[in-house]
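Visitor: I've got a two-chain model to look over and would like a quick tour. Can you walk me through it?

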Amino acid sequence: MSGILDKRLVFVTGKGGTGKTIVSAALGLVAARQGKRTMVCEVAEQNRIPALFGREGAGFTEVELAESLYAISVDPEHAREEWLKFQLRSGALAGVLNGNRIFSYLAAAAPGLAELVTIGKVWELAQLERKTAKASPYDVVIVDAPATGHGVAMLGAPKTFRDAARVGPVANQAAKIHTFLASPRQTAVVAVALAEDMPVNETLDLAGRLHDEMGQHLQAIVVNAVYPERFSGADAEAIASADGRPSQAARDGLDAALSEHRRAKAQRSQLRRLRSEAEAPVSTLPFLFEPEIGRDEVEALSRELERRLV
Amino acid sequence: MSASVADLLANKQICVCAGSGGVGKTTTSAAVALGMAQRGKKVIVLTIDPAKRLANSLGLPELGNEESRVEADTGDGELWAMMLDAKRTFDDLVESHAPDAETRDAVLGNRIYKEISNAVAGSQEYMAMEKLHELHEEGRYDLLVLDTPPTRNALDFLDAPKRLSRFVDSRSLQFFTSGGLFGVKIFSRGTGLVFSVLKRVTGVDLLQDISDFFQSFGDMAPGFRERAGRVTELLADSRTTFLLVTSPRADAVDEAVFFHDRLREAGMPFGAAVVNRMHELPADGDGVHEEVEELLGPELGRRVAGNLEDFRRLAERDQLSLSDLRQRLGRKPMIEVPDMEDDIHDLEGLAKMGEYLF
């Protein structure tokens with residue numbers, strides 16, 4: 001997994017519910033600790049990353065969460081307004097379009113436009129020469145991207161628009177963004193998975209789609225929530241054949257241990273399958289038993305990730 | 001208040017399973033469909049997620065854009081499944097609405113159309129609703145179960161018909177079609193200005209292509225719009241119900257509550273919340289640590305006790321989330337499904353999940 005934080009853009013996707021947001025935040029902390037000016041960018045109209053740090057999100061504004069660590073939540077409406085302003089080089093002209101009801105209906109419904117302007121803003125954040133007035137560049141931008149299918153569509157949106165428009169300003173801009181996203185030197189795609197059947201399948205499928213649709217490849221896979229190996233096969237046998245007449249509470253304890261053993265074993269077999277079929281390096285993060293995930297937990301995960309980044 | 005899916009769906013024709021990503025929507029949809037088929041209904045489950053595993057779990061090599069019968073022991077009932085192919089559905093829709101072959105070919109051959117109907121994001125939601133409506137009209141099934149698209153914003157599909165209506169709104173069409181690009185006809189001054197600014201953004205060529213698209217699409221607009229209206233009505237109909245699938249984690253509960261409130265605002269019929277992957281609370285017992293240490297020896301006993309405490313914490317967290325959800329939903333029906341040891345990947349697993357749903 002070494003080197004992904006040396007890219008300008010790290011695109012974190014994977015099956016829903018695998019922990020993309022937390023992994024993105026943890027990656028952000030790793031990069032910030034390395035002294036990189038780091039942006040962690042959400043694209044789902046939520047402010048979950050600031051919340052992990054006990055902060056209120058500021059939406060479409062770049063806010064500092066910790067030393068060298070910044071966050072933003074990109075929503076399509078703001079991204080579109082800004083994009084129009086850049087394109088037209090005039091806030092007043094952009095206002096003509098943004099204030100027009102028919103235009104806003106068309107823009108809201110035009111398939112792929114929300115994805116295009118969102119990834120366009122992400123691209124802008126990752127440029128050394130920012131278009132946003134008085135904005136400083138970031139060393140690395142980490143995107144907490146949508147789940148696999150929608151994530152790939154977002155990555156592919158500039159190519160779609162480049163091909164649809166062929167010539168003209170939209171095509172030129174889209175082509176530039178696509179070239180950046182399709183370059184493994186500038187953009188790393190990271191998949192977050194769980195050691196379960198469907199997430200592993202989806203990760204393998206993602207690798208194929210990235211290749212076919214973008215000419216890109218997965219640069220790292222993070223398998224989240226891996227159970228600790230608490231019990232060996234011999235332990236499990238000893239537990240299963242425990243003599244005596246245990247109370248209900250003790251029996252629940254034995255059952256929980258056997259269940260943990262079976263789950264951990266099933267996870268290991270899924271991990272083996274993933275490792276043998278995926279080309280990208282696979283790292284794991286431990287299952288967290290803490291009831292709520294906050295800054296301390298993200299910090300702990302970032303230390304785990306860091307060990308694997310060296 | 002606990003509930004059974006069988007009771008909730010007794011008089012329903014459409015069941016929409018919604019919720020945020022990774023909570024088990026697809027599996028729940030399949031288990032609901034199987035359970036209702038086992039109760040004698042002819043059921044079809046529609047999925048959008050191209051996860052092959054759902055197909056496999058239903059005993060099918062893969063799912064396509066055609067209805068496939070699932071070989072399951074369902075007595076008099078039947079279980080069918082289908083994976084929606086947004087592009088194919090879009091094409092079919094154009095074919096059925098086109099007034100003549102010329103219009104059909106013009107739209108299907110339009111470059112803008114080809115690109116946007118291929119770019120899956122955004123069009124999935126339209127197409128899911130569209131297919132649902134079509135199957136309902138045909139009336140060949142007792143129950144349609146829809147697994148909604150895995151978008152993070154789980155509400156996108158609710159707005160899909162409205163967005164489509166606005167997209168093909170006559171005013172939008174006029175915008176592009178009244179006299180064409182180069183102002184043969186006189187625009188109202190406002191529209192003219194908007195149009196000329198738009199041209200600076202898109203360039204002349206792209207705007208010409210977009211205009212061509214709308215001109216060829218124009219004749220089909222009323223059909224599309226009317227249909228989108230009927231889809232909205234269908235979702236709000238008393239024969240429809242929504243199952244809100246969630247997991248007992250704080251962020252998933254927040255999303256579930258948000259979604260529930262949105263359903264209510266939109267006047268959509270809420271059925272129940274399915275709380276998936278609940279960790280079961282182990283029995284209480286003082287001295288359980290000493291007891292397992294006695295049973296297994298101090299070293300292994302300590303590890304078993306530590307493991308028990310970890311899972312107890314998870315179960316307690318789940319109980320807290322559940323009561324939080326219950327309170328915030330205002331005593332709506334809830335169905336709890338325990339965290340299964342194996343991820344579900346066959347009919348047997350679906351049936352096992354069904355034991356908790358029904």
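Guide: Sure, and one term before we start: contact here means heavy atoms within 4.5 Å. Keep in mind too that this is a predicted model.

Visitor: Fine. Which strand of chain A does helix H11 run at about 180° to?
Guide: Helix H11 of chain A covers residues 248-277. By that contact rule, H11 lies across E7 and E8 of chain A. The strand that goes with the angle of about 180° is E7(A).

Visitor: Which strands stand at the edges of the sheet in chain A?
Guide: The sheet is open, with eight strands in mixed pairing, and the order reads E3-E4-E2-E5-E1-E6-E7-E8. An edge strand has a single partner, so one side of it is left without a neighbour in the sheet. In chain A that describes strand E3 (63-66) and strand E8 (282-286).

Visitor: What is the bridge partner of A:Val190 in E7(A)?
Guide: Strand E6 (residues 187-194) and strand E7 (residues 218-226) of chain A run parallel, joined by six bridges. Helix H9 (residues 197-214) packs on the sheet there, touching E1, E6 and E7 of chain A, at about 160° to E6(A). As for A:Val190, the partner in E7(A) is A:Ala220.

Visitor: Over to chain B: what is the bridge partner of B:Val275 in E8(B)?
Guide: Chain B also has an open sheet of eight strands, ordered E3-E4-E2-E5-E1-E6-E7-E8. Its edge strands are E3 (68-70) and E8 (334-338), each pairing on one side only. Strand E7 (residues 270-278) pairs with E8(B) in the parallel sense over four bridges, and in E8(B) the partner of B:Val275 is B:Glu336.

Visitor: How much area is buried between chain A and chain B?
Guide: The contact takes 75 residues from chain A and 64 residues from chain B. Carbon and sulfur atoms give 62% of the buried area. The area itself comes to about 6100 Å².

Visitor: Which residue of chain A meets B:Asp339 in a salt bridge?
Guide: Across the interface of the two chains, the rule finds six salt bridges. In the one with B:Asp339, the N to O distance is 2.7 Å. The residue on the chain A side is A:Arg263.

Visitor: Last one: which element gives the largest share of the side of chain A that touches chain B?
Guide: That side divides into 38 nonpolar, 15 polar and 22 charged residues. The largest share is 12 residues, and those come from H11(A).

Conventions: Residues are numbered from 1 along each chain as its sequence is written. Chains are lettered from A and ligands numbered from 1 in the order in which they are written. This is a predicted model: local features need pLDDT of at least 70, side-chain atom pairs count only at pLDDT 80 or more; totals for chains, interfaces and linings use all residues. Side-chain values use heavy atoms; hydrogens and water are left out. Two strands pair if DSSP finds at least two bridges between them. Helices (H or I, at least four residues) and strands (E, at least two) are DSSP runs, numbered from the N terminus. Axes are lines fitted to C-alpha atoms, for helices over the stretch in contact, and angles run from 0 to 180 degrees between N-to-C directions. Buried area is the accessible area (1.4 Å probe) that two parts lose on being put together, summed over both. A salt bridge is a side-chain nitrogen of Lys or Arg within 4 Å of a carboxyl oxygen of Asp or Glu. Ala, Val, Leu, Ile, Met, Phe, Trp, Tyr, Cys and Pro count as nonpolar, Asp, Glu, Lys and Arg as charged, and the others, Gly among them, as polar.
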